[in-house]
Amino acid sequence: MSSHEISEAEDKLPEERGAESAVRLAEDPFADPGLPPHEHRVQDIDERAARRSERTVALLFTVSMVATIAFIAAYVALPVDKYIYVFPIGHISALNFALGVTLGIALFTIGAGAVHWARTLMSDEEIADERHPIEASPEVKSKVLDDFRAGAKESGFGRRKLARNTLFGALALVPLSGVVLLRDLGPLPGTKLRHTKWAKGKRLMNYNTMQPLRPEDISVGSLTFAMPEGMSEEQHDFQTEIAKAALMLVRLQPENIKDKRELDWSHEGIVAFSKICTHVGCPINLYEQQTHHVLCPCHQSTFDLSDGGRVIFGPAGHALPQLRIRANDQGYLEAMGDFPEPVGPAYWERG
Ligand code: FES
């Protein structure tokens with residue numbers, strides 16, 4: 001609608017405007033229906049009602065002023081150690097209570113007065129404003145381009161090749177200082193994420209009793225947790241190391257082991273796998289003995305311990321690393337080396 005059409009529409013009575021837009025809609029259901037007819041409020045047509053609204057607004061603002069004065073008076077007059085009982089809050093500081101109430105009233109009545117003023121006394125007629133094109137005119141565009149070319153020429157950017165090229169070099173190199181500072185995030189992990197405390201000949205210690213495990217300690221259907229011999233909770237790096245070395249053991253019937261390497265790396269059907277989930281590293285602790293599945297409680301990754309620790313469900317991307325074990329001459333279970341691959345989430349493989 002142009003501004004001329006808007007002012008014409010405003011000159012008409014609401015009923016006329018409503019009838020016109022109904023006719024327009026009947027002719028073309030997709031036509032812009034325009035603004036709904038303006039309805040006058042009682043304050044618009046009755047000066048006495050308008051004055052009543054004005055007095056209400058003034059009263060609210062006056063209450064706000066009184067509350068502010070009361071706030072200052074309470075701050076000055078009330079002692080900080082006086083307590084009063086206020087239902088249902090209980091015993092509270094009289095000063096805090098008075099300050100809170102008076103400030104609350106002062107702010108609320110300003111807001112209420114402003115809203116009442118806007119709703120009853122300020123104009124409530126909707127006005128449509130035309131959108132103007134935001135594209136610059138062809139003259140402005142060509143002037144900007146001319147200015148740009150003139151600026152580029154004056155700067156000598158194209159002619160002073162030495163300065164220009166060294167500027168490019170400096171701009172390309174300067175971000176490197178930020179990259180170098182990344183080193184301050186800590187020492188590089190090197191290969192320490194690739195290795196755990198497991199090594200050839202290290203006995204498997206029961207995580208709960210701290211006693212070395214024998215094959216007969218591992219019963220069918222149970223999940224046993226173990227850690228390498230020589231670790232104790234008193235060591236300062238215990239948590240760091242156990243987060244990599246934690247081990248779980250289950251006993252399977254050898255004929256139920258589907259993976260040949262797993263069978264070779266087991267002892268009398270006892271298989272040892274990393275307890276650290278290969279998704280984001282939660283400790284696995286749920287075992288389903290009929291299916292030989294273990295479940296990570298964090299995001300439900302499920303691994304098949306009878307099939308090389310293969311992932312059969314969930315977001316984990318890698319099978320669980322297996323530890324090769326045997327029984328030593330004294331009849332204790334021991335490792336035959338470290339895990340063949342980094343344990344835990346895949347990003348550790350970069351360590
Ligand atoms: S950490 Fe195990 S499923 Fe996510």
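Me: In S9, which residue is the bridge partner of His 293?
Reply: Keep in mind that we're looking at a predicted model. Strand S8 covers residues 293-295 and strand S9 covers residues 302-304, and three bridges join the two. They run antiparallel. The partner of His 293 in S9 is Asp 304.

Me: Okay, so what is the strand order of the open sheet of four strands?
Reply: The pairing in this sheet is antiparallel. Strand S7 (286-288) and strand S10 (310-313) each have a single partner strand, so they stand at the edges, with one side of each left without a neighbour in the sheet. From one strand to the next, the twist averages 30°. Reading across, the order is S7-S8-S9-S10.

Me: And which are the edge strands in the open sheet of five strands?
Reply: Here the order is S3-S4-S5-S6-S11, again with antiparallel pairing. An edge strand in this sheet pairs on one side only. That gives us strand S3 (204-206) and strand S11 (322-323).

Me: In S4, what is the bridge partner of Leu 204?
Reply: S3 and strand S4 (residues 224-228) run antiparallel, and three bridges join them. Follow the one from Leu 204 across to S4 and you land on Pro 228.

Me: How many residues lie between S1 and S2 in their hairpin?
Reply: Strand S1 is residues 83-86 and strand S2 is residues 90-93, running antiparallel with four bridges between them. One of the pairs is Ile 84 with Ile 92 in S2. The hairpin they form has a gap between the strands of three residues.

Me: Are H4 and H5 roughly parallel or roughly antiparallel?
Reply: Helix H4 (residues 47-77) and helix H5 (residues 94-120) pack with their axes 8 Å apart, at an angle of about 160°. Angles over 145 degrees count as roughly antiparallel. So H4 and H5 are, relative to each other, roughly antiparallel.

Me: How many nonpolar residues are in the contact of H4 with H5?
Reply: As for handedness, the crossing of H4 and H5 is left-handed. Sort the residues of their contact and you get no charged and nine polar ones. The nonpolar count is 18.

Me: Last one: how far apart are the C-alpha centres of domain 1 and domain 2?
Reply: The domain assignment splits the protein chain into domain 1 (40-120), domain 2 (133-170) and domain 3 (204-350). Take the C-alpha centres of domain 1 and domain 2, and the distance between them is 60 Å.

Terms used:
Residues numbered from 1 in each chain as written. Predicted model: local features only at pLDDT ≥ 70, side-chain atom pairs only at ≥ 80, totals over all residues. Pairing = 2+ DSSP bridges. Axes fitted to C-alpha atoms, helices over the stretch in contact; angles between N-to-C directions. Domains from an automatic or database assignment. Parallel < 35°, antiparallel > 145°, perpendicular 65-115°, else oblique. Left-handed = near helix turned anticlockwise from the far one by under 90°. Nonpolar A, V, L, I, M, F, W, Y, C, P; charged D, E, K, R; others polar.
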